[in-house]
Amino acid sequence: MRGDIAPLSERPEPGGPILSEPGGRTSPAPLTGATPAGTPPPADRDAVRASRRRVATEAAGTAVAAAAFGVVYGLAARGAGFSPVEASAMSVIVFAGASQFAAVGFVAQGLPWPAIVLLTFLINARHVLYAAALAPWLHRRRRLDRAAMAHVLTDESFALSLGHFKRIGHSDATGYWLGAAAIFIPWQTATLIGYFGGEAIPSPRALGLDVVFAATMACLAVAVVTGRRELVAAIAGAAIAVAVALATSTAVGIVVGGIVGPLMALLVPHRPTDPPDAAPPSPGGHDEAIGVAP
Amino acid sequence: MSLDLVVLAILMGAVTYPSRAIPLLVPGIDRLPGPILAYLRLVGPAVLAALVAANVLVVTKPGGGPGLHVGIESVGVLVAIGIVVWRRNLLLGIAAAAFIVAVTRAVGLA
């Protein structure tokens, strides 16, 4: 399987001719035309499958990073006095690496639980932005589905699914769960491997694996930059995040960068050649309508 | 076997889940005004870039506070981005980033 990243808007997509959609998305021509009988248009099915394969390929990189740091987390949790059930419970229930690492350190230092819980909330506050950005794509799914999807919404699953949805022009639950599973399963497995055998595994830092997370997220960010405003949002978000992080903390910097960056991008004058970026995702192409949901 | 910290995990989950779920579950997200939808569309690139930049460029100094760090990790990420833009190949980009960082550290340059 080739390791192709999500296409930029001008890149041809397998599965048929491409039409530009509002917001810079691309999709096969028949996307919005679900057939009267509800049969998925063949070209759309092909495009969805091709995009899912791309999600699987991209997820391989994120899975490597999740596994590497899951091992380190498991090892650190044991060092901090966690039992294996406690270490795994945190991975399953919280499922947020940065806050789990922080919690291990806080527990080891004897920080009171209320402080740990408050810091967890601050570290994970960026998920609000991920959920808000995905909400317009997922609003037609059943509430229970969205509630389940929320639990596995991480940095990686957000980046994978947003790129996937933009490629195909609508939401796709299978693609979402594929990306989420590529993080969830390695993280849980690696937690236990690290707990019971982490000392035998070389340091991720020595293998350069500590840069895999950042490199993966950067590459996935490239996939969702489909126009001038997205580019400005990314650059502004990064610059603001670093400036604020240096003055406060990394978690606060990420949240402020994610909030203010888009505002800066909206100041960019809209050119006639730019795609209208306010349009919602294609309503006719929802995965339930075209029959590709699990 | 101790299970005390399972309670802590539940409390941590209780403050994490709402941040993930509330925007997805709140009704009427499809009826938001156009400017807000335009804003939400730009959140993805901004927050992902913010995450990467803060992850690579901000470190915790020995004293405990945040500090600016421009090191081989930044080079690795830029190389990965360049490869993805040039070759559209994510895995190649990630592998190159890890290789550059690992080799540079192994020879003592970082």
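Helix H3 of chain A has 13 residues and reaches 18 Å from its first C-alpha to its last, close to the 18 Å expected at 1.5 Å a residue. That helix is a handy way into this predicted model, in which chain A carries 12 helices and two strands. From there the tour moves to the loops, a well-covered helix, the core and the contact between the chains.

**Around helix H3 of chain A**

- The buried residues of H3(A) are A:Gly97, A:Ala98, A:Ser99, A:Gln100, A:Ala103, A:Val104 and A:Phe106.
- Just after this helix, A:Gly110 takes a positive phi of about 80°.
- A little further along comes A:Pro112, in the loop between helix H3 (97-109) and helix H4 (113-123) of chain A.
- A:Pro112 counts as exposed because it has 9 other C-beta atoms within 10 Å, and the cut-off for exposed is 12 or fewer.
- The C-alpha atoms of A:Pro112 and A:Ala181 are separated by 33 Å, with the two positions 69 residues apart along the chain counted as their distance apart.

**Backbone angles to check in the loops**

- As background, most residues other than glycine have a negative phi.
- A:Phe95 is not a glycine, yet it has a positive phi of about 50°.
- A:Phe95 is found in the loop between H2 and H3 of chain A, and it is buried, with 24 other C-beta atoms within 10 Å.
- B:Arg88 is another non-glycine residue with a positive phi, here of about 55°.
- The place of B:Arg88 is the loop between helix H3 (72-87) and helix H4 (90-106) of chain B.
- B:Arg88 counts as buried because it has 21 C-beta neighbours inside 10 Å, where the cut-off is 20 or more.

**Overall layout of chain A**

- Read along the sequence, chain A follows the pattern β-β-α-α-α-α-α-α-α-α-α-α-α-α.
- Of its 294 residues, 57% count as buried.
- Among contacts in chain A with a separation of 6 or more, 75% come from residues 24 or more positions apart.

**Helix H5 of chain A, a covered helix**

- H5(A) spans residues 127-138, and its 12 residues reach 15 Å from first C-alpha to last, close to the 16 Å expected at 1.5 Å a residue.
- The helix is mostly covered, with 12 of its 12 residues buried.
- Those buried residues include A:His127, A:Tyr130, A:Pro136 and A:Trp137.
- What covers them includes helix H6 (143-151), helix H7 (155-168) and helix H11 (250-266) of chain A, together with H1 and helix H2 (34-57) of chain B.

**The nonpolar core and A:Thr250**

- The largest nonpolar core has 129 residues, of which A:Ala221, A:Ala241 and B:Val52 touch the most other members.
- Not counting residues up to four places away in sequence, A:Ala241 touches A:Gly253, A:Ile254, A:Val256 and A:Gly257, and from chain B it touches B:Ala50, B:Ala53 and B:Ala54.
- A:Thr250 is placed in helix H11 of chain A, and it is buried, with 23 other C-beta atoms within 10 Å.
- Leaving aside neighbours within four places in sequence, A:Thr250 is in contact with A:Ala245, B:Ala54, B:Val58 and B:Pro66.
- The C-alpha atoms of A:Thr250 and A:Ile123 are separated by 8.4 Å, although the residues are 127 apart along the chain.

**Where chain A meets chain B**

- The contact takes 92 residues from chain A and 67 residues from chain B.
- By class, the side of chain A that touches chain B has 62 nonpolar, 20 polar and 10 charged residues.
- One helix pair to look at is H2 of chain A (residues 84-93) with H1 of chain B (residues 4-25), whose axes lie 8 Å apart at an angle of about 10°.
- H2(A) and H1(B) are therefore roughly parallel to each other, since angles under 35 degrees count as such.
- From H2(A), the contact is made by A:Val85, A:Glu86, A:Ala89, A:Met90 and A:Ile93, and from H1(B) by B:Leu5, B:Val6, B:Ala9, B:Ile10 and B:Gly13.
- By class, this helix pair's contact has eight nonpolar, one polar and one charged residues.

Terms used: Residues are numbered from 1 along each chain as its sequence is written. Chains are lettered from A and ligands numbered from 1 in the order in which they are written. This is a predicted model: local features need pLDDT of at least 70, side-chain atom pairs count only at pLDDT 80 or more; totals for chains, interfaces and linings use all residues. Helices (H or I, at least four residues) and strands (E, at least two) are DSSP runs, numbered from the N terminus. Two residues are in contact if their C-beta atoms, placed from the backbone, lie within 7 Å. Ala, Val, Leu, Ile, Met, Phe, Trp, Tyr, Cys and Pro count as nonpolar, Asp, Glu, Lys and Arg as charged, and the others, Gly among them, as polar. Axes are lines fitted to C-alpha atoms, for helices over the stretch in contact, and angles run from 0 to 180 degrees between N-to-C directions. Angles under 35 degrees count as roughly parallel, over 145 as roughly antiparallel, 65 to 115 as roughly perpendicular and the rest as oblique. The expected span of a helix is 1.5 Å times one less than its number of residues. A nonpolar core is a set of buried Ala, Val, Leu, Ile, Met, Phe, Trp, Tyr and Cys residues joined through C-beta atoms within 7 Å.
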